[in-house]
Amino acid sequence: MKKLMIINGPNLNLLGTREPEIYGNLSFTEFLDELKAKYTNIHFDYFQSNIEGELIDKLQEVGFSYDGIVLNAAAYTHTSVGIGDAVKAIKTPVIEVHISNTFDREKFRHKSYVSPNAKGIIIGFGLQSYELAVQSFI
């Protein structure tokens with residue numbers, strides 16, 4: 001059984017209520033339950049934090065023992081050299097995901113410190129971006 005870790009960054013704990021026109025009406029917990037039901041051959045772990053250092057700590061903790069990491073660093077994608085360096089330092093492949101099309105938003109969201117070190121990038125497909133990332137590990 002494959003082990004995948006999903007890591008979400010700041011404000012993604014508010015999915016389902018935060019800007020539903022961009023992020024939808026489903027909470028991430030509800031979506032994760034659907035993923036688990038659909039992919040019973042995968043063991044999912046989930047972590048969310050609004051704190052940059054906690055995201056780096058989690059990447060380092062799981063980055064040598066999991067089969068894959070699905071990372072939505074949210075706003076830290078565009079500001080955190082530290083998260084980008086953590087992705088580069090670990091062995092587990094990372095798929096960077098974004099719910100919205102970051103290139104259709106503010107200009108500062110067009111830069112990613114994660115992308116150069118990620119196995120791949122999936123953006124703009126809503127919560128299905130996560131499922132597409134999961135499928136890349138199958």
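Trainee: Is E61 buried or exposed?
Mentor: Happy to start there, and do keep in mind that this is a predicted model. The cut-off for calling a residue exposed is over 50% relative accessible area. E61 has a relative accessibility of 55%, so E61 counts as exposed.

Trainee: Which side chain meets that of E61 in a salt bridge?
Mentor: Look within helix α3, which spans residues 52-62. The partner sits three residues from E61, about one helical turn away. The bridge runs 3.3 Å from N to O, and the partner is K58.

Trainee: Is K58 buried or exposed?
Mentor: Buried means under 20% relative accessible area. The relative accessibility of K58 is 15%, so this lysine counts as buried.

Trainee: How many salt bridges does a search of the whole structure find?
Mentor: You have already met one of them, between K58 and E61. Another joins the side chains of K38 and E131. For the whole structure, the search gives two.

Trainee: What is the N to O distance between K38 and E131?
Mentor: K38 belongs to helix α2 and E131 to helix α5, so this pair ties together parts that are 93 residues apart in sequence. Their side chains meet in a salt bridge, with an N to O distance of 2.6 Å.

Trainee: What relative accessible area does E131 have?
Mentor: Begin with its partner K38, which counts as exposed at 54% relative accessibility. E131, by contrast, is buried, and its relative accessible area is 8%.

Trainee: Which residues of helix α2 are buried?
Mentor: Helix α2 covers residues 28-38, and four names answer you: F28, F31, L32 and L35. Viewed down the helix axis, the buried residues fall within an arc of 100 degrees, so they line one face of α2. On that one face, then, you find F28, F31, L32 and L35.

Trainee: Which exposed residues lie on the face of α2 turned away from its buried side?
Mentor: Start from the buried side, where the cover includes strands β1 (2-8) and β2 (42-48), along with helix α5 (128-136). Now turn to the face pointing away from that buried side: the exposed residues it carries are T29 and A37.

Trainee: How far apart in space are D57 and I22?
Mentor: D57 has its place in helix α3, and at 49% relative accessibility it counts as partly exposed. In sequence, D57 and I22 are 35 residues apart. In space, C-alpha to C-alpha, they are 29 Å apart.

Notes:
Residues are numbered from 1 along each chain as its sequence is written. This is a predicted model: local features need pLDDT of at least 70, side-chain atom pairs count only at pLDDT 80 or more; totals for chains, interfaces and linings use all residues. Side-chain values use heavy atoms; hydrogens and water are left out. Buried means under 20% relative accessible area, exposed over 50%, partly exposed in between (1.4 Å probe, protein chains only). Helices (H or I, at least four residues) and strands (E, at least two) are DSSP runs, numbered from the N terminus. The arc is that of the directions from the helix axis to the C-beta atoms. Contact means heavy atoms within 4.5 Å. A salt bridge is a side-chain nitrogen of Lys or Arg within 4 Å of a carboxyl oxygen of Asp or Glu.
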